[in-house]
Amino acid sequence: MLWRTFSWLVVLLVGAASGAFWGFYQGGKTVGIWLLIGALLGGVLWWVIDTSRGLRVVAWLRSGDLHQAPQLVGLWGDVVDRARSLLRQQERVIASSDQRLKDFLSAIQASPNGVVLLDAQSQIEWCNQTAAQQLGIDVERDQMQRIGNLMRDPIFTAYMADSDPDESVVIEGRGHRMDRPVRLSLQRHRYGEGKQMLITRDVTLLEQAEAMRRDFVANVSHEIRTPLTVLSGFVETLQTLSLPPDDQQRYLALMSTQAHRMQTLVEDLLTLSRLEGSPNPSVHSQLPLDQLMKACEQEALGLSATMANGVGVQTIEFSVDPSLSEAVLLGEPRELQSALSNLVSNAVRYTPVDGTIQVNACLKPDGHLQLSVKDSGAGIAAEHLPRLTERFYRVDRSRSRESGGTGLGLAIVKHVMQRHGGSLVVTSVLGQGSTFTLVLPGTRWRLSPAR
């Protein structure tokens, strides 16, 4: 400010001196008048120069380009420096805000939940890829489109019409089919000036797990209730009636059968629980393949003779590829034997007395070891195959109970194979029989060094 005042005084003095000099040059009679004129012209010149400098500063401020700041001194130079400092500070603040916004959007983009931002007219302002995939939204094409025009689900429409929803709603997601359901949970939140945020979450597996839990509890209750009802009825009969010894023995035999059935059910449930809660077996334990095949063959022959009861004879054939004669399986021996034994027992139970059962061990080209159990039974319809390994799932419930099955055998086999890195493959043709195959990876078997 001092420089500004000083410069103004200097210009006035120079102008006045110039006017006085001109007055002396004209004869000296009008020196005072020319002195005033010179001072006035100096003031006007100073004002023009100062105004032009100010206009340069205003033009620069309008452009906002820090790199084109005018080089000035004095008050306007201080203004330029201060404005430049403020602009740089503002740019840093804006850059920091932009970076935080990008980080925030990146975090939402990486979220496993879908997020859709809507304006006051329910138009899509932004959505992440998860929401786009779940709801079938094109991020670029559908921007600023009303979400009600893209989502025609009646449940979703009713939910969006609710002015203040308290709970989430579950709708069908993109690609939903009866055989492959897709279920989405959707929650709406308000923010800002009438804006809304939709959060979507895939609850398909959650609903399936809940349905399986309900089915499991219902099935366990049903499976236990039936033998308990039989037992309680026979006990009451024996307590209240005087029966001949033969009838007593018959009732006691039936009670023993039902008690054994409950015991088997509990043992299978405990086996499943143990398989699910224990770590995968190591490769240090070994089970010779020929020993496994011989044990299962003895069980199959004994079970077949018991079930046939002299009516007929099943043909049971066990064969091992010559290249696997010295093979050993690496894993938990009890689990591996239980898996194959379960498949063989099922084949014996569901194959007619004059049918054929073939159990074969062979090596696949990819190095996997394959144990297959093929029967000539009634076969299984294609719609039942995907659910065979579900707990308590039965193709024919009455026939399964008559054969003594608990409905947990194939579930146990599946868990055993998963724990050993293998798989259970089922193929069947209705009326032509079924083939159940255990596939073990190359890391779960080897040839004995004695070979």
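## A charge over a ring

The charged end of arginine 188 lies over the ring of tyrosine 159, at 5.5 Å from the centre of that ring. This arrangement, like everything described below, comes from a predicted model. When the whole structure is searched for pairs of aromatic rings, 0 are found.

## The open sheet

Five strands are grouped here: an open sheet of 5 strands follows the order 2-1-5-4-3, and the pairing is antiparallel. At the edges of this sheet are strand 2 (124-127) and strand 3 (169-172), each of which pairs on one side only. Neighbouring strands of the sheet are turned against each other by 30° on average, if direction is ignored. As a general point, the strands of a sheet pair through backbone hydrogen bonds, and they may do this in a parallel or an antiparallel way.

One pairing in the sheet can be followed in detail. Strand 4, which covers residues 183-191, runs antiparallel to strand 5, which covers residues 195-202, and 8 bridges join the two. Across from glutamine 187, the residue standing opposite in strand 5 is isoleucine 199.

## Helix 10 and serine 341

Does the length of helix 10 point to agreement or disagreement with the expected span? The helix has 17 residues (333-349), and because a rise of 1.5 Å a residue is expected, it should span 24 Å; its end C-alpha atoms are indeed 24 Å apart, which agrees.

Helix 10 is mostly covered, since 12 of its 17 residues are buried. Among them are Glu335 and Leu336, as well as an unbroken run that includes Ala339, Leu340, Ser341 and Asn342. Serine 341, which is found in helix 10, has a relative accessible area of 13%, and it counts as buried because this value is under 20%. If its neighbours within four places in sequence are left aside, serine 341 is in contact with Cys296 and Glu299.

## Helix 12 and its surroundings

Helix 12 (residues 409-419) is also mostly covered, with 9 of its 11 residues buried. The buried residues include Gly409, Leu410, Ala411, Ile412 and Val413, and further along the helix His415, Val416, Met417 and Arg419.

Which elements do the buried residues of helix 12 pack against? They pack against helix 8 (245-277) and helix 10, and also against strand 11 (423-429) and strand 12 (433-440). Just after helix 12 comes glycine 421, which takes a positive phi of about 75°.

Key
Residues are numbered from 1 along each chain as its sequence is written. This is a predicted model: local features need pLDDT of at least 70, side-chain atom pairs count only at pLDDT 80 or more; totals for chains, interfaces and linings use all residues. Side-chain values use heavy atoms; hydrogens and water are left out. Helices (H or I, at least four residues) and strands (E, at least two) are DSSP runs, numbered from the N terminus. The expected span of a helix is 1.5 Å times one less than its number of residues. Buried means under 20% relative accessible area, exposed over 50%, partly exposed in between (1.4 Å probe, protein chains only). Rings of Phe, Tyr and Trp (its six-membered ring) pair if their centres lie within 6.5 Å; planes under 30 degrees apart count as stacked, over 60 as edge-to-face and the rest as tilted. A charge sits over a ring if NZ of Lys or CZ of Arg is within 6 Å of the ring centre and within 35 degrees of the ring normal. Contact means heavy atoms within 4.5 Å. Two strands pair if DSSP finds at least two bridges between them. Axes are lines fitted to C-alpha atoms, for helices over the stretch in contact, and angles run from 0 to 180 degrees between N-to-C directions.
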